[in-house]
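Trainee: I'd like to learn how to read a protein model from the outside in. Can we go through one together?

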Amino acid sequence: MPRVTITREVHFSAAHRVFNPEWSDERNFEVFGACANPNWHGHDYVLYVAVEADLDRDTGFVMDFKDLKSVVESRVVQDMDHKNVNLDVPWMEGIIASAENMVVAIWDRLVDRLPEGVKLAKLTLWETPRHYVEYSGE
Ligand code: NI
């Protein structure tokens, strides 16, 4: 059967501060710029979740888009949307809230929650309309 990739797009708005708690404020501003502001700031994140599988002979699907939406909503969006990534998201605790670290943590939230035979192929996380990060699990 043909192997096809399908992608679901989801949005969430979240606050964060990107800083290394072991560094001085000065060093944090030097490395992380405005993202190190102590009083937080927000982004409108856009996440693309791509999964791949052999097409199902009976449905012509990779997986049901409804089910993909539901797993991404329940495992990621509900925890992140209108939350503070540093303070409110248990699975980001102790992790620097960079988009890179976020996309890896999101991968771990999703990778073992897909139907049998469906592989998480790639995550793309847009932090602003001008930059994004990608992760394929390696
Ligand atoms: Ni930021």
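Mentor: Sure, we'll go from the overall fold to the metal site, and keep in mind that this is a predicted model.

Trainee: Let's start simple. How many helices and strands does the chain have, and in what order do the elements run?

Mentor: The tally is 4 helices and 5 strands. Reading from the N terminus, you get β-α-β-α-β-α-α-β-β. The C-alpha atoms fill a box of roughly 60 × 25 × 25 Å along the principal axes. As for burial, 41% of the 138 residues are buried.

Trainee: What share of the contacts join residues at least 24 apart?

Mentor: Take the contacts between residues at least 6 apart in sequence: 68% of those join residues at least 24 apart.

Trainee: Now the sheet. In what order do the strands sit?

Mentor: The 5 strands make an open sheet in the order 3-1-2-4-5, with mixed pairing. Strand 3 (83-84) and strand 5 are the edges, each pairing on one side only. Helix 2 packs on this sheet and touches strand 1, strand 2 and strand 3, with its direction at about 20° to that of strand 1. Helix 4 packs on the sheet too, touching strand 1, strand 2, strand 4 and strand 5, and its direction makes about 145° with that of strand 4.

Trainee: How do I read the pairing strand by strand?

Mentor: Count bridges, then look at which residues face each other. Strand 1 and strand 2 are antiparallel and share 14 bridges; in that pair, Thr-7 stands opposite Ala-50 of strand 2. On to strand 2 (residues 41-54) and strand 4: they run antiparallel with 7 bridges. There, Glu-52 has Lys-119 of strand 4 as its bridge partner, and Val-46 has Trp-126.

Trainee: Which residue of strand 5 is the bridge partner of Trp-126?

Mentor: That's Tyr-132. Strand 4 and strand 5 (residues 131-135) run antiparallel and are joined by 5 bridges. They form a hairpin with 2 residues between them, and Thr-128 has His-131 as its bridge partner in strand 5.

Trainee: Why is strand 4 described as largely enclosed?

Mentor: The general idea for a regular strand is that side chains alternate between the two faces of the sheet. As for strand 4 (residues 119-128), 7 of its 10 residues are buried, so the rest of the structure largely encloses it. Strand 2 gets a similar reading: 10 of its 14 residues are buried, so it is largely enclosed as well.

Trainee: And helices? Which residues of helix 4 are buried?

Mentor: In general, an α-helix has 3.6 residues a turn, so residues three or four places apart point the same way. In helix 4, the buried ones are Ala-99, Met-102, Val-103, Ala-105, Ile-106, Trp-107, Arg-109 and Leu-110. Their cover includes strand 1 (3-16), strand 2, helix 2 (65-80), helix 3 (85-88), strand 4 and strand 5.

Trainee: What end-to-end span should I expect for helix 4?

Mentor: With 12 residues (99-110) at 1.5 Å a residue, helix 4 should span 16 Å, and its end C-alpha atoms are 16 Å apart, which agrees.

Trainee: What about backbone torsions?

Mentor: Most residues other than glycine have a negative phi. Here, Trp-40 has a phi near 70°, a positive value, and it is placed in the loop between helix 1 (25-32) and strand 2. His-82 has a positive phi as well, near 60°, and lies in the loop between helix 2 and strand 3.

Trainee: Are those two residues buried or exposed?

Mentor: Trp-40 is partly exposed, because its relative accessible area is 31%. His-82 counts as exposed, because its relative accessibility is 66%.

Trainee: Last stop, the metal. Which protein atoms are the donors of the nickel ion?

Mentor: They are His-16 (NE2), Cys-35 (SG), His-41 (NE2) and His-43 (NE2), at 2.1 to 2.3 Å from the ion. Along the chain, their spacing is H-x18-C-x5-H-x1-H. His-41 and His-43 are both buried.

Trainee: Four donors, so which geometry is it?

Mentor: Check the angles before you name it. A tetrahedral label needs all angles between 85 and 135 degrees. Among these 4 donor atoms the angles run from 91 to 136°, and the nickel site is irregular.

Notes
Residues numbered from 1 in each chain as written. Predicted model: local features only at pLDDT ≥ 70, side-chain atom pairs only at ≥ 80, totals over all residues. Heavy atoms only, no water. Donors = N, O, S within 2.8 Å, 3.2 Å for Na, K, Ca; no water. Tetrahedral: all angles 85-135°; square planar, octahedral: opposite > 155°, others 65-115°. Buried < 20%, exposed > 50% of the residue type's maximum accessible area, 1.4 Å probe, protein only. Pairing = 2+ DSSP bridges. Expected span 1.5 Å × (residues − 1). Contact = heavy atoms within 4.5 Å. Axes fitted to C-alpha atoms, helices over the stretch in contact; angles between N-to-C directions.
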